[in-house]
Structures are given as structure tokens and as C-alpha cells.
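Here's a quick tour of a protein model for your first look at structure. Keep the 3D view open and follow along as we go.

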Amino acid sequence: MSNVVIVGVQWGDEGKGKFVDLLAQEIDYVVRFQGGNNAGHTVIVDGKKAALHLVPSGILHEGKICLIGNGVVLDPVVFVEELDTLIGQGVDVSPNRLKISSKTHLIMPYHKVLDKARENKLEKGQKIGTTGRGIGPCYEDKVGRVGVRASDLADPDLLKAKIAAALKEKNVLFTALYGIDALAVDAVFDEVMAVAPRIIPHLTDVSSELEQAWNEGKSVLFEGAQGIHLDIDHGTYPFVTSSNTVSGNAAAGSGVGPNKLDRIIGILKAYTTRVGEGPFPTELNDATGELLRTSGGEFGVTTGRPRRCGWQDIPVLRESARLNGLTDVALTKLDVLSGFDTIQICVAYEYKGKRMDYPPQEQGALDLVSPVYESMPGWKEDITACKTWDELPEAARAYVQRLEQLSGVPVSMVSVGPDRNQTIFR
């Protein structure tokens, strides 16, 4: 199999974990290339559920090598907790198959304190909807060239010096601006060093590991987190995450050339969801939205927060296709739409008196658009047991085909349930 990039093409929570897990059966290496434990992937295998936040979803396949790239920000305490959970489930997470780039930046205790303090101080309407897990402040320190990297765990003197330098600034913010207690250098140092022995054996040069893999004829899957419209540059700024979620970052976030990215699969939910604040043109604040939420189990893997729900948004999908160079789409949760008499698709926007096929680019503009809907007949049949394309109801097939026509991207896989086996390949 060629090298594959998997990205979510909405606002996250599209079901990427299932397809990473599914495709990993034919792949040798799985790489996580951005984000942190603000993302969560639920993988269900033979009815057993595993919730992953930092460890690549391929870990559930014996013999697969899983890598955490330099583009990720890693909470060392959370990582160790996730290791222990997987070990308790009988999963092999030994350093020879789960490896971390030495260049990966670490989320420190002060990053989490700062993240929560900022969000709590914002007025209603200004809040970003952060998970409070320190992702943004960690990326800030990375860009500000004062971050702590995973390799620093093996150099306690350097680590302590970096913590002391960071807290000179952070403690002023905590006490003077946010009215909370300062953090002690030794306390932060001790908390991180307590888990360092569990992490250091996993450190490696991910870029070199991947080069060696390709020299041996191996294939690689690059696993994205969040969704394209949460991208720090191309998403609905400022209601975005703190990293580049687009497929191009698979190269930068793992230390490889873009010529290694062969197939780019966009994971698309059959309807649209969003967690946290920010514009959402097709959001349904009514009984239909509540039905989608309940039927689809739309609650965050990481936070448990209820997801906002709405109809499919084609301008958002078109933008994702353009930004990522999608080769094909994997459609998830088609089964959740069973039972609707009519299904709506947003095919365009009305904005300032004009029809637009793509989202307007100005900040705040997506709040001002009106969706242009097209209606399609629904279906009543339970499709969760369908194994082939022809077994799907005619209306379900027509819906999928219409998404292809409107987006210009073929749908190669259709998920009709959460389990790995509930997938139709076209």
C-alpha cells in the first residue's frame, strides 16, 4: 500500500480513529504528526472500545510501529497514564513499537494552568472553547523558542533551567493578571521528572526511522488530529486549534518530504458537528439537532462535552478538498441518518447578497452566511448490517453520490456503524 495521510475535513470528531485502525491492517508504520491530548480517537474492535488521545490508533494492531512526530505536543503525565491503560488492556506499548520524536515539545504543568486561567477570564462570547489541556500555551512556547522538548528529560540540568526561565514570566501572569498562586520551580521539575524514566526509552529520531522504513519497502500512515477547519491558518480563526491540521503538515510534523505523501483521505461525517465555540452555518438548535446528537453519540472522547450538530456542509467540504488535495473521502456515520423523511444538504452560502460555493475568508464572515439547502429523500431501513454498496437503500446510495457530485471527490469507503467491520469499500 502507498503512504496515506488521514485528515478530518470538518471541525474534528469525524471518526478518523476508526479508519486509521482499519487501514493500519495493511500499513507498517503509523505516525501522529500534530496536536496533543485535546484530541481523542475512539476505536471499537469486536465490540471492545479503546479511547486514544496521544498514542496512534495503529497501536491496537500487533506488530505495527507507532510514532509520535515532532509536530505533536505531548503531556508526559497523560502519556504515561495512557500507556498504563493500554498495558492493562494487554496492548504492547514497548519502546520498540511505540516511539516519540526527541523534538516533540512537552506540555508542562504551567501550560495547563495558563490555558485555564485565560479561558476563565474571557467574557462570554469571547471564549474559544479550549479543552484547558495546555495545548495552545505549549505551542506558543515552541514558537517563542523557549519550549521544553522530549529530549530535555534526559538532561535534568537543562530541564530545570528551562522551567525556571519559563516561570519567571508565567508566575507574573499568574499572580498579577489572573490572581492565582505562583508555581514553584522544584514542584514542576519533580512532577515531570517523576515520569521521565517511562518516556526516555521511547525517544528516537522519527525522521530517520521513517527513512529507514522506506528503504526497507515499508508503508506509512500519517494520522491527523482535530479537523481542517480548526487549522491555525485555514480554520475559523480565532476559534481554532493551535497547530496546522492540513495534510501538508504531515510532512513537516514528522520530518519527511512532501513527495512521500501519496494518498490523502478526508474523513467526512455524514452530517456536521462541532465542539466548543465558533461559527457553524448548518447548526440545528432544535429537535432534529438533538436527535442527531443522541443517535450519533455526539459527546467528546476527550472532554465528554456535547457536540453541536447540523446538516452536511458542502462549502466546508470543498474548502477541505482544496486545502488538502484530497484523493478520496471516507464517509462515517451514514447509519445515523436512517429514519429521516428528508435530509438537507447545504450546497452553498448566501453572503452579502451573493451566492458562494466556498466559505468567505474574512474573520467572522462565516457567522454572517445563510446556508442554501437542497433536500433529498431519506430512508427508514437500518443499514448497520449492510456489507456491500448494493445492499444500501437506494436513497442512501443517492445521498452518497450527491456528496461526490457536489464536492468533486470520490467516496471510497462508507461506515455504517462504529465497529471496524461495519465498513463498505467501493
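Let's start with a bend: helix 5 changes direction by about 35° at Leu167. Keep in mind that this is a predicted model. From helix 5 we'll move on to a glutamine in a loop, some backbone oddities, the sites named in a database and a few ring pairs.

**Helix 5**

- How far apart should the ends of helix 5 be? Helix 5 runs over residues 156–177, which is 22 residues, and at 1.5 Å a residue it should span 32 Å. The C-alpha atoms at its ends are 30 Å apart, so the two values agree.
- Several residues of helix 5 are tucked away: Leu159, Ile163, Ala166, Leu167, Lys170, Asn171 and Phe174 are buried. Notice that Leu167, where the helix bends, is on that list.
- Here's a handy bit of background: an α-helix has 3.6 residues a turn, so residues three or four places apart point the same way.
- What do the buried residues of helix 5 pack against? Their partners are helix 3 (109–121), helix 4 (135–143) and helix 6 (185–193).
- After helix 5 comes Gly179, which has a positive phi, near 65°.

**Gln10, a glutamine in a loop**

- You'll find Gln10 in the loop that links strand 1 (4–8) to helix 1 (16–23).
- Is Gln10 buried or exposed? Its relative accessible area is 3%, and the cut-off for buried is under 20%, so Gln10 counts as buried.
- A polar atom of the Gln10 side chain sits 2.9 Å from the backbone nitrogen of Lys269.
- Leaving out residues up to four places away in sequence, Gln10 touches Gly227, Ile228, His229, Leu268, Lys269, Tyr271, Thr272, Gln312 and Val316. So Lys269 turns up both in that list of contacts and in the polar pair, because its backbone nitrogen lies 2.9 Å from the Gln10 side chain.

**Backbone oddities**

- First, the background: most residues other than glycine have a negative phi, and most peptide bonds are trans.
- Arg145 isn't a glycine, yet its phi is positive, at about 65°. Look for Arg145 in the loop between helix 4 and helix 5. With a relative accessible area of 77%, Arg145 is exposed.
- Gln226 isn't a glycine either, and its phi is also positive, at about 55°. Gln226 sits in the loop between strand 10 and helix 9. Unlike an exposed residue, Gln226 is buried, with a relative accessible area of 8%.
- Which two residues does a cis peptide bond join? They are Tyr237 and Pro238, and omega is about 5° there. Pro238 lies in the loop between strand 10 (220–223) and helix 9 (249–252).

**Sites listed in UniProt**

- An unreviewed UniProt entry lists Asp13 and Gly40 under "binding site". Its "active site" annotation, also unreviewed, covers Asp13, His41 and Lys142.
- Asp13 belongs to the loop between strand 1 and helix 1. Asp13 is partly exposed, with a relative accessible area of 25%.
- Setting aside neighbours within four places in sequence, Asp13 is in contact with Lys269, Thr273, Val275 and Arg307.
- Lys142 is part of helix 4. Lys142 is partly exposed too, with a relative accessible area of 28%.
- With neighbours within four places in sequence left aside, Lys142 contacts Asn70, Gly71, His105 and Gly147.

**Aromatic pairs**

- How many aromatic pairs are there? The count comes to 4.
- One of them is Trp214 with Phe222: the ring centres are 6.5 Å apart and the planes meet at 35°, so the pair is tilted. Both Trp214 and Phe222 are buried.
- Trp379 and Tyr399 make another tilted pair, with ring centres 6.3 Å apart and planes at 55°.
- Trp379 is in the loop between strand 18 (370–377) and helix 12 (394–407), while Tyr399 is in helix 12, so this pair ties together parts 20 residues apart in sequence.
- Trp379 is buried at 2% relative accessibility, and Tyr399 is buried at 1% relative accessible area.

Key
Residues numbered from 1 in each chain as written. Predicted model: local features only at pLDDT ≥ 70, side-chain atom pairs only at ≥ 80, totals over all residues. Heavy atoms only, no water. Helix = DSSP H or I, 4+ residues; strand = E, 2+ residues; numbered from the N terminus. Expected span 1.5 Å × (residues − 1). Bend = angle between axes of the 7 residues up to and from the residue. Buried < 20%, exposed > 50% of the residue type's maximum accessible area, 1.4 Å probe, protein only. Contact = heavy atoms within 4.5 Å. Polar contact = N/O pair within 3.5 Å; in protein donor to acceptor, adjacent residues only side chain to side chain. UniProt positions renumbered as here; feature names shortened; annotations may be inferred. Phe/Tyr/Trp six-rings, centres within 6.5 Å; stacked < 30°, edge-to-face > 60°.
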